[in-house]
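Take a look at the model below. Keep the helices and the ligand in view as you read.

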Amino acid sequence: MINIVIFGAPGAGKGTQAQLLAEKYDFLHISTGEMLRQEVALGTPLGQRAKAIMDRGDLVGDDIVAGLLARAISLRSTLPSPDADLDPIDIERKGMPHRPEGCIIDGYPRTVQQAQTLEFLFRKLDRKIDCVVAIDVPRDELVRRIHERAAISNRSDDNEDVIRHRIEEYDLKTQPVLDYYRVSGLLVSVDGSGEIAETNTRIVNLINRRLGL
Ligand code: AMP
């Protein structure tokens, strides 16, 4: 099973690229931001705890996010279970669901402690990270995209002040994770300043070369 982490500052396009890669390779897409937004939308106790934190642009506590991640990587990667509730119409249309042969993780880890948690969880499952792709976007381009996104987004954490705070959180807590992976030799960087398709081609070429796909 191949495990790829997509890394980038807010506005770098990690969510978009992770989604495209998951579709291309037919891998599982695990986004902690998306899982948290789902919890908020469902109004679960966890979602209620996370909402105010996310709306401020702060990082949600490691314990909350680690629980969600553990559930996603250990349960969803073993689908379909023998007693899974399969919809015959869905099967006719899309074929039998199969176990994904890899996963693309986006939005995690965001702190060095989370990087250690991920390693610990993977070791328990006899898995490892194969590659960490950092999407590099110059600061002025990030700011330009943020203005654009704030104008059209429905996300409650996509207004300019909050996004600026998310970038501060990234600089302070998430940037050190890059050094963590650089030291372990897993980090590869890609220029993400251009169009979505252009960046995607760069990432795909890099992953194919690096992992022999
Ligand atoms: P994202 O969709 O990845 O930009 O995440 C949106 C928000 O969800 C972040 O600003 C955080 O508040 C929260 N979040 C997502 N992933 C994590 C994580 N790994 N650790 C802490 N908070 C997270």
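What follows covers two helix pairs and then the ligand.

This is a predicted model, in which local features need pLDDT of at least 70, side-chain atom pairs count only at pLDDT 80 or more, and totals for chains, interfaces and linings use all residues. Residues are numbered from 1 along each chain as its sequence is written, and side-chain values use heavy atoms, without hydrogens and water.

Two packed helices are described by the angle between their axes and the distance between the axes. Start with helix α1 (residues 14-25) and helix α9 (residues 196-211). Their axes come within 10 Å and cross at roughly 55°. Axes here are lines fitted to C-alpha atoms over the stretch in contact, with angles from 0 to 180 degrees between N-to-C directions. Helices are DSSP runs (H or I, at least four residues), numbered from the N terminus. From α1, the contact (heavy atoms within 4.5 Å) uses Thr16, Gln17, Leu20, Leu21, Lys24 and Tyr25. From α9 come Ile196, Thr199, Asn200, Ile203, Val204, Ile207 and Asn208.

Now turn to helix α2 (residues 32-42) and helix α3 (residues 45-56). Their axes come within 8 Å and cross at roughly 115°. Gly33, Leu36, Arg37, Glu39 and Val40 of α2 meet Leu46, Gly47, Ala50, Lys51 and Met54 of α3.

Which residues are closest to the ligand? They are Thr32, Asp58, Gly107, Arg110 and Gln114, among 17 that surround the ligand (a heavy atom within 4 Å). Polar contacts with the ligand are pairs of N or O atoms within 3.5 Å. A ligand nitrogen is 2.8 Å from an N or O atom in the side chain of threonine 32. A ligand oxygen is 2.7 Å from a polar backbone atom of aspartate 58. Valine 60 has a polar backbone atom 3.0 Å from a ligand nitrogen.

Note on methods: Helix = DSSP H or I, 4+ residues; strand = E, 2+ residues; numbered from the N terminus. Polar contact = N/O pair within 3.5 Å; in protein donor to acceptor, adjacent residues only side chain to side chain.
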